[in-house]
Amino acid sequence: MKFLRVAIDVPLPQLFDYRCDEAATEDIGCRVLVPFGRKKVVGVIVEVVARSDHSADKLRSAERILRDVLPLSAEWIELARFCSGYYQRSLGEVMLAALPPRLRNARPLRATKQKSDDDAARPAAPPFVERHRLTAEQLRAIDSISASAQAFGVFLLFGVTGSGKTEVYLRLIAGVLARGAQALVLVPEIALTPALQTAFRERFPGATIVVQHSAMAEGARARGWIEAQSGSAQIVLGTRLAVFAPLPRLGLLVVDEEQDPSFKQQESLRYSARDVAIVRARAAGIPIVLCSATPSLESWRHAQAGRYALLRLSRRARADSALPEVRMVDTRTDASRDGISGPLAQAIGERLARSEQTLIFLNRRGYAPVLSCAKCGWISGCKRCSARLVVHLKDRELRCHHCGDAARIPRACPECGNLDLQPVGRGTQRLEASLAERFPRARILRMDRDTVRHRGSLEAMFARIEAGEADILVGTQILAKGHHFENLTLVGVVDADAGLYAADYRAPERMFAQLEQVSGRAGRAGVPGEVILQTRYPNHPLYQALVRHDFEGYAQILLDERRQAEFPPYVFEAALRAEALGIDVALGFLRAAATRAPSERDGVTVYDPSPMMLERLAGRARAQLIVQAHSRVRLQLFLREWRAELASIRAPAVRWHLDVDPTEF
Ligand SMILES: [Zn+2]
Ligand SMILES: [Zn+2]
């Protein structure tokens with residue numbers, strides 16, 4: 001008699017045994033349909049054994065082994081095991097979360113491979129076109145990484161915006177493909193994948209390039225997965241979830257914009273794709289390249305300590321292109337009308353006269369962040385979240401950007417009946433309106449999540465900008481990343497100050513990265529760029545560093561602060577979070593959890609529970625408890641022991657989870 005040991009998507013640590021006489025060891029890594037409770041679920045076969053610890057007549061039989069897709073490799077299962085241990089989730093939870101949704105059910109995939117876009121659109125062209133001359137720094141970077149092509153190593157490619165980081169990894173990938181190996185490239189934003197995909201197609205016209213991200217149709221994503229797994233795809237390009245793509249001949253890993261917060265998943269399996277990618281590269285014995293103009297403080301510190309190889313690209317790749325000049329406008333003296341100060345308005349006017357483009361950056365979508373009654377002080381709050389409802393004037397709606405709730409804009413104050421309700425503050429829609437008033441003949445294009453919600457519309461907008469169909473772009477961080485526009489010579493940053501004094505200790509790091517990134521959009525094609533930053537705090541070290549494009553200096557300031565305050569990367573953290581209808585219930589659970597923390601806690605600090613910054617979200621109260629340790633290993637041992645205890649706390653009204661290396665509080 002044979003037995004399967006199956007990983008199932010439930011928060012229980014063990015594997016589940018099933019009888020299955022038709023099973024062979026080749027079935028390890030296959031999906032399998034099994035009865036579980038009163039349901040049938042898809043799990044993954046982790047072992048095929050001749051004996052079970054349970055008596056055979058008590059075990060149920062597996063329904064059927066799903067052999068329509070190749071089994072997951074031993075390496076893949078090992079990676080899932082690592083994530084299971086590190087992120088404190090069951091192996092089944094990890095495996096099923098890592099699989100494309102289409103493979104989480106038992107419906108067989110049609111065997112005939114459907115013709116994908118990649119096949120249809122692939123032109124026959126010469127294999128590799130020499131198009132760019134490389135700078136000495138680019139060549140040095142390529143040489144050092146290529147020199148250790150067959151060994152594990154983390155390379156931090158630290159290059160100013162426009163320095164040609166992409167060109168470096170494209171060259172490396174060419175080398176990987178020439179050896180018959182596969183490359184995996186992770187990017188932070190779904191919106192970036194089409195442009196990058198085009199660049200890859202042009203560069204590697206003969207290669208099969210597979211894209212993996214969460215907005216894809218299920219069938220296409222599963223097909224891409226299968227192409228990667230069979231080895232027929234040479235390049236996989238995707239967002240964080242692509243880190244789990246099965247690649248039997250993986251030769252190189254690239255994480256572009258490695259500092260980007262989106263690499264950390266904030267729900268279900270809370271993993272950091274960058275960190276998992278490093279683990280994966282180590283297991284495969286291959287190099288991994290982390291690219292950034294503003295590396296995360298974690299990576300920067302590793303590079304400083306010599307654990308990562310630091311490769312600098314200190315100048316822009318084009319000899320005729322310099323970094324933009326950053327100028328500050330003190331809004332305490334240069335009062336701004338409608339958010340646009342005199343100097344910024346003048347600079348925009350000059351660009352319009354020269355037919356050059358301007359980008360106005362404001363990382364807040366909607367018309368205004370809140371609606372208020374001046375008479376009684378009422379403000380528009382979300383009923384379900386501790387957040388304000390944002391005014392979306394065009395749709396006549398108030399919307400919660402946290403839970404998605406929406407309501408009509410009230411005609412009168414719900415408290416006192418006052419008819420004169422005022423939108424307070426400024427979002428991209430309002431900025432767009434004031435720019436239209438100031439520059440009535442300018443063609444203004446707003447780009448934020450509201451305007452690019454529809455698939456493909458971001459690309460359409462990029463095309464319009466490149467075709468010169470817009471004079472002024474108004475947008476959020478969606479505009480800050482990746483894409484560059486040849487004719488854009490001015491970037492205006494309005495209302496950035498809000499981020500300076502945020503409670504989250506990571507806020508300044510993120511803000512610097514974002515502003516450096518958006519500044520880098522200016523003046524890339526032989527026309528010098530200018531950045532105008534409106535602020536009430538022109539002497540703030542963050543802005544001072546930005547003027548000098550001095551990431552290194554500012555990183556040192558932040559690292560010193562973190563060391564003194566004992567924050568990551570000098571300590572390792574985990575958060576235990578609880579959600580319930582009332583905050584007292586959530587806090588009560590966390591207090592009970594604290595009393596059950598392992599007593600052997602040498603070097604581990606358990607802090608008092610506290611409500612989260614966004615205390616209510618979608619009708620639930622949220623609290624957390626932070627655990628800190630100076631050693632990652634100590635923290636892991638502590639968490640493993642603690643998790644077993646947590647499962648035994650009776651708290652049916654509480655949902656809880658552990659988040660290892662949390663980035664949101
Ligand atoms: Zn009122
Ligand atoms: Zn809400």
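Start by selecting Pro569, which sits in the loop between H15 and strand S24 (572-580). Keep in mind as you go that this is a predicted model. Now add Pro568 to the selection: the peptide bond joining Pro568 and Pro569 is cis, with omega at about 10 degrees. That one deserves a moment on screen, since most peptide bonds are trans.

**Back along the chain to His549**

From there, move to His549, in the loop between helix H14 (541-547) and helix H15 (551-565). Is His549 buried or exposed? It counts as buried, because its relative accessibility is 19% and the cut-off for buried is under 20%. Show its surroundings and, leaving aside residues up to four places away in sequence, you'll find it touching Leu323, Pro324, Val326 and Glu516.

**Zoom out**

Time to look at the whole chain. You have 17 helices and 28 strands to colour. The C-alpha trace spans about 80 × 70 × 50 Å along its principal axes. For 665 residues, a compact globule would have a radius of gyration near 26 Å, and the chain's 27 Å agrees with that. Of those 665 residues, 54% count as buried. If you draw the contacts with a separation of 6 or more, 75% of them are between residues 24 or more positions apart. Put a surface on it and you're looking at about 29700 Å² of accessible area, 50% of which belongs to carbon and sulfur atoms.

**Into the cores**

Hide the surface again and go inside. In soluble globular proteins, nonpolar side chains tend to be buried together. Here the largest nonpolar core has 123 residues; select Met95, Phe244, Leu515 and Trp642, the members that touch the most others in it. Centre on Trp642 next. Skipping residues up to four places away in sequence, it touches Leu576, Ala593, Ala594, Arg596, Ala597, Pro598, Leu625, Val627 and Leu658. There is also a second, separate core, made up of 31 residues, and you can locate it by picking Ile173, Val187, Leu237 and Leu313, which are among them.

**The first zinc ion**

Now select ligand 1, a zinc ion. Which atoms hold it? The SG atoms of Cys373, Cys376, Cys413 and Cys416 coordinate it, at 2.3 to 2.4 Å. Try the angle tool on the four donor atoms: they subtend 103 to 114 degrees around this zinc ion, so the arrangement is tetrahedral. In sequence, its donor residues follow the spacing C-x2-C-x36-C-x2-C. Colour two of them by accessibility and you get a contrast: Cys373 is buried, with a relative accessible area of 1%, whereas Cys376 is partly exposed at 38%.

**The second zinc ion**

Ligand 2 is a zinc ion as well, coordinated by the SG atoms of Cys382, Cys385, Cys400 and Cys403 at 2.2 to 2.4 Å. Pick Cys382 and Cys403 together, because the pair links distant parts of the chain: Cys382 is in the loop between strand S15 (370-373) and strand S16 (390-392), Cys403 is in the loop between strand S17 (397-399) and strand S18 (406-408), and they are 21 residues apart. Cys382 counts as buried at 9% relative accessibility, while Cys403, at 22%, counts as partly exposed. The donor angles around ligand 2 run from 106 to 114 degrees, which makes this arrangement tetrahedral. The spacing of its donor residues in sequence is C-x2-C-x14-C-x2-C.

**Two backbone oddities in one loop**

Head for the loop between strand S10 (250-255) and helix H8 (273-284), and select Glu257 there. Most residues other than glycine have a negative phi. Glu257 isn't a glycine, yet its phi is positive, about 55 degrees. With a relative accessible area of 13%, Glu257 is buried.

Next, select Ser268, which also lies in the loop between S10 and H8. Its phi is positive too, near 40 degrees. Buried or partly exposed, this Ser268? Partly exposed, at 39% relative accessibility.

**Last stop: Ile226**

Finish in helix H7 (residues 218-230), where you'll find Ile226. This residue is partly exposed, with a relative accessible area of 29%. Beyond residues up to four places away in sequence, Ile226 touches Val69 and Leu109. For a parting distance check, draw a line from its C-alpha atom to that of Thr161: the two are 65 residues apart along the chain and 35 Å apart in space.

Note on methods: Residues are numbered from 1 along each chain as its sequence is written. Chains are lettered from A and ligands numbered from 1 in the order in which they are written. Side-chain values use heavy atoms; hydrogens and water are left out. Donors are N, O and S atoms within 2.8 Å of the metal (3.2 Å for Na, K and Ca); water is not among the atoms, so sites may look incomplete. Four donors count as tetrahedral if all angles lie between 85 and 135 degrees; four count as square planar and six as octahedral if opposite donors are over 155 degrees apart and all others between 65 and 115; anything else is irregular. Buried means under 20% relative accessible area, exposed over 50%, partly exposed in between (1.4 Å probe, protein chains only). Helices (H or I, at least four residues) and strands (E, at least two) are DSSP runs, numbered from the N terminus. The radius of gyration is taken over C-alpha atoms; the globule rule is 2.2 Å times the number of residues to the power 0.38. Contact means heavy atoms within 4.5 Å. Accessible areas come from the Shrake-Rupley method with a 1.4 Å probe; for residues, only the protein chains shown count as cover. A nonpolar core is a set of buried Ala, Val, Leu, Ile, Met, Phe, Trp, Tyr and Cys residues joined through side-chain atoms within 4.5 Å.
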